Amino acid sequence: MKVLVINCGSSSLKYQLINMENEEVLAKGICERIGIEGSFLKHQPGEGDKVTIEKPMPTHTEAIQSVVEALTDSNHGVIKNMSEINAVGHRVVHAGEKFATSVVINDAVEAALNECIELAPLHNPPNIIGIEACKKIMPGVPMVGVFDTAFHQTMPKEAYIYALPYETYEKYKVRRYGFHGTSHKFVSEAAAEFLGKPLSELKIVTCHLGNGASVAAVKNGKSIDTSMGFTPLEGLVMGTRSGDLDPAIVTFLQDKENLTSEGVNNLLNKKSGVLGISKLSSDFRDIEQAAEKGDKNAQLALDVYTYRVKKYIGSYIAAMNGADVIVFTAGLGENSASTREAICKDMDFLGIKIDPERNNVRGKLAEVSAEGSKVKVLVVPTNEELMIARDTKTLLNNK
Ligand code: ADP
């Protein structure tokens with residue numbers, strides 16, 4: 001079975017074609033500047049060289065058409081014709097309370113996703129447009145929706161209800177949802193497999209530290225809490241997002257700086273986080289370099305960042321009455337040994353001890369905890385596309 005995985009943004013569309021017999025990535029790529037002058041597609045067949053194809057893509061329909069053409073091209077293609085694509089798996093950001101697992105897409109599912117637009121006005125519309133475009137270009141090919149929120153639907157009510165008037169939940173569904181669910185699920189399953197233990201017997205804290213970042217408490221295979229909430233703004237300090245703060249700051253800054261709700265939203269989502277503190281960059285590589293050269297704000301940004309992750313790990317260990325494993329994943333979690341070390345420093349009272357030599361690892365599955373550390377610390381590269389393809393295969397094979 002060959003599954004085409006689609007992650008559709010407002011002006012970009014990422015894709016991977018995966019052969020599910022052996023989980024090999026046959027080709028991957030990205031369409032950029034959809035709907036804008038100068039659109040192009042970057043396509044990479046297997047381990048082969050990247051090609052850039054410039055062509056107009058006024059809408060996502062032309063983008064999907066271009067993806068199919070690239071996949072079937074006589075030079076850089078990897079399949080003979082479109083009929084070799086057996087299914088499409090779509091990444092969808094928000095499914096509200098409607099779906100707790102991935103689902104086969106039909107009209108009722110699409111209607112449900114349309115109802116969730118209010119909860120994710122920036123993300124769900126392009127995801128739905130991607131689904132529509134695939135229906136047009138590949139009629140009859142079964143499609144599956146895989147949601148960022150689904151894995152966290154197992155959170156108990158005490159973890160997801162905000163202490164606001166209860167009507168805000170009843171009327172508007174204001175509650176904590178959590179995101180990055182596909183990644184937290186993937187790495188917790190991979191960690192259990194690596195340790196040779198059943199996931200149903202493990203307490204795992206998964207730390208997805210990328211541009212966006214979140215921590216999840218995964219108890220016996222189920223998410224019981226996670227740091228992102230109603231939107232991806234809550235929780236950890238991120239590249240450009242503030243994460244947790246006193247909500248009174250919002251109205252204080254609106255008054256002081258004469259900001260509209262859009263203005264303050266922009267400040268919290270785009271100008272805060274490590275970018276805001278460091279005044280330098282949202283990329284941790286730049287910040288780590290500057291800190292090494294003695295830049296005080298860069299060092300402060302790293303300190304605030306790691307302190308917040310440490311606090312979340314501690315609180316989730318309390319929530320689960322212990323932990324067997326801590327997993328680091330995504331850009332920073334997989335690549336930055338110094339961040340992992342700083343987060344796990346002085347946590348030996350909880351049974352967490354990193355081995356500096358083992359920790360000197362980048363982007364591969366490895367144990368980095370010291371011999372005898374009660375809690376295992378693992379680096380597990382995430383692979384959301386593969387998780388989407390696996391869910392797609394499972395759902396369609398069981399149909
Ligand atoms: P996204 O959320 O966009 O998928 P990624 O998971 O790719 O993000 O993470 C991107 C972030 O990872 C970058 O902003 C960068 O700060 C960080 N990162 C990647 N490689 C390294 C590295 N070698 N050292 C430190 N940070 C890194």
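A cavity, on a 1 Å grid over the protein atoms alone, is a set of points where a 1.4 Å probe fits but cannot get out; grid points are joined across faces, edges and corners, and a volume is the space filled by probe spheres set on the points. Everything below comes from a predicted model, with local features needing pLDDT of at least 70, side-chain atom pairs counting only at pLDDT 80 or more, and totals for chains, interfaces and linings using all residues. Residues are numbered from 1 along each chain as its sequence is written, and side-chain values use heavy atoms, leaving out hydrogens and water.

**View 1. The cavity.** By that rule there is 1 cavity of 30 Å³ or more, and about 30 Å³ of space lies in it. Its lining (residues with an atom within 4 Å of a point) consists of Ile161, Tyr162, Leu164, Pro165, Tyr166, Thr168, Tyr169 and Val174. That makes 7 nonpolar residues, 1 polar and no charged, taking Ala, Val, Leu, Ile, Met, Phe, Trp, Tyr, Cys and Pro as nonpolar, Asp, Glu, Lys and Arg as charged, and the others, Gly among them, as polar.

**View 2. The second largest pocket.** A pocket is an open set of points with protein on both sides within 12 Å along at least five of seven lines. This one holds about 280 Å³ of space. It has 18 lining residues, with Ala100, Thr101, Ser102, Lys185 and Asp391 nearest its centre. By type, the lining splits into 7 nonpolar, 8 polar and 3 charged. Strand S8 (143–147), helix H6 (181–195) and helix H14 (384–397) each chip in at least two residues, and H14 gives the most, with 4. Helices (H or I, at least four residues) and strands (E, at least two) are DSSP runs, numbered from the N terminus.

**View 3. Around the ligand.** Here 13 residues surround the ligand, the closest being Asn211, Asp283, Phe284, Gly331 and Leu332; to count, a residue needs a heavy atom within 4 Å of the molecule. Ligand oxygen atoms make polar contacts (pairs of N or O atoms within 3.5 Å) with the backbone: 3.2 Å to a polar atom of Asn211, 2.7 Å to one of Phe284 and 2.9 Å to one of Gly331. Taken alone the ligand exposes 580 Å², and the protein buries 71% of that (Shrake-Rupley areas, 1.4 Å probe). Helix H10 (284–292) and helix H12 (330–335) are the elements giving two or more residues to this shell, and H12 gives the most, with 4. The shell has 3 nonpolar, 6 polar and 4 charged residues.

Technical notes
Polar contact = N/O pair within 3.5 Å; in protein donor to acceptor, adjacent residues only side chain to side chain.
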